[in-house]
Amino acid sequence: MAELLLPRTGTLVAWTTQGFPPGAPYAGPTGKEFVPFGVGLVQLGTGEDAVIRVEGRLTENDPAKLEFGQDVELTMIPFTTDADGNEVVTFAFQPVTN
């Protein structure tokens, strides 16, 4: 069976800002430590190479800095710290700067 690797870049199709902590099983910051974050629908790949649309966290949460069709790329960002003090990271899409 052939292995399918998804592209790490794509275009922003839609977005919103998550202004409150998500419900369970969310394990990130809550209360005063919670910081609103962007959530976007990203079409991975471009043109004829577009393969799938995925929902994911965005590194940008200011709607004025986001636009339809904006190029984004996958990255890893800090998410929280576990009970043992280890940093936990998550994936997110960041705008591509040219």
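Begin by selecting the charged side chains of this predicted model: the protein carries 5 positive and 13 negative side chains, and if you mark the centre of each set, the two centres lie 7 Å apart.

Next, colour the chain by secondary structure, where you will find five strands and zero helices, so that reading along the sequence gives the pattern β-β-β-β-β. With the view set on the C-alpha trace, turn the protein along its principal axes, over which the trace spans about 45 × 40 × 25 Å.

Now display the contacts between residues with a separation of 6 or more; of these, 51% are accounted for by residues that stand 24 or more positions apart in the sequence.

Then switch to the surface, whose accessible area comes to about 6800 Å² for the protein, with 54% of it belonging to carbon and sulfur atoms. Colouring by burial instead picks out the buried residues, which make up 24% of the 98 residues in the protein.

With the surface still shown, select Leu-4, Leu-6, Val-51 and Ile-52, which form a nonpolar patch having about 380 Å² of accessible area together.

Finally, centre on Val-51, one of the residues in that patch, and follow the backbone to either side: Val-51 lies in the loop that runs between strand S2 (37–44) and strand S3 (52–58). Is Val-51 buried or exposed? Val-51 is partly exposed, because its relative accessible area is 45%, a value that falls between the limits of under 20% for buried and over 50% for exposed.

Notes. Residues are numbered from 1 along each chain as its sequence is written. This is a predicted model: local features need pLDDT of at least 70, side-chain atom pairs count only at pLDDT 80 or more; totals for chains, interfaces and linings use all residues. Side-chain values use heavy atoms; hydrogens and water are left out. Patches are made of residues with over 30% relative accessible area and no salt bridge: like charges are joined within 9 Å, nonpolar side chains (Val, Leu, Ile, Met, Phe, Trp, Tyr) within 5 Å. Accessible areas come from the Shrake-Rupley method with a 1.4 Å probe; for residues, only the protein chains shown count as cover. A salt bridge is a side-chain nitrogen of Lys or Arg within 4 Å of a carboxyl oxygen of Asp or Glu. Helices (H or I, at least four residues) and strands (E, at least two) are DSSP runs, numbered from the N terminus. Buried means under 20% relative accessible area, exposed over 50%, partly exposed in between (1.4 Å probe, protein chains only). Contact means heavy atoms within 4.5 Å. Lys and Arg count as positive and Asp and Glu as negative; His and the chain ends are not counted. The place of a charge is taken as NZ of Lys, CZ of Arg, CG of Asp or CD of Glu.
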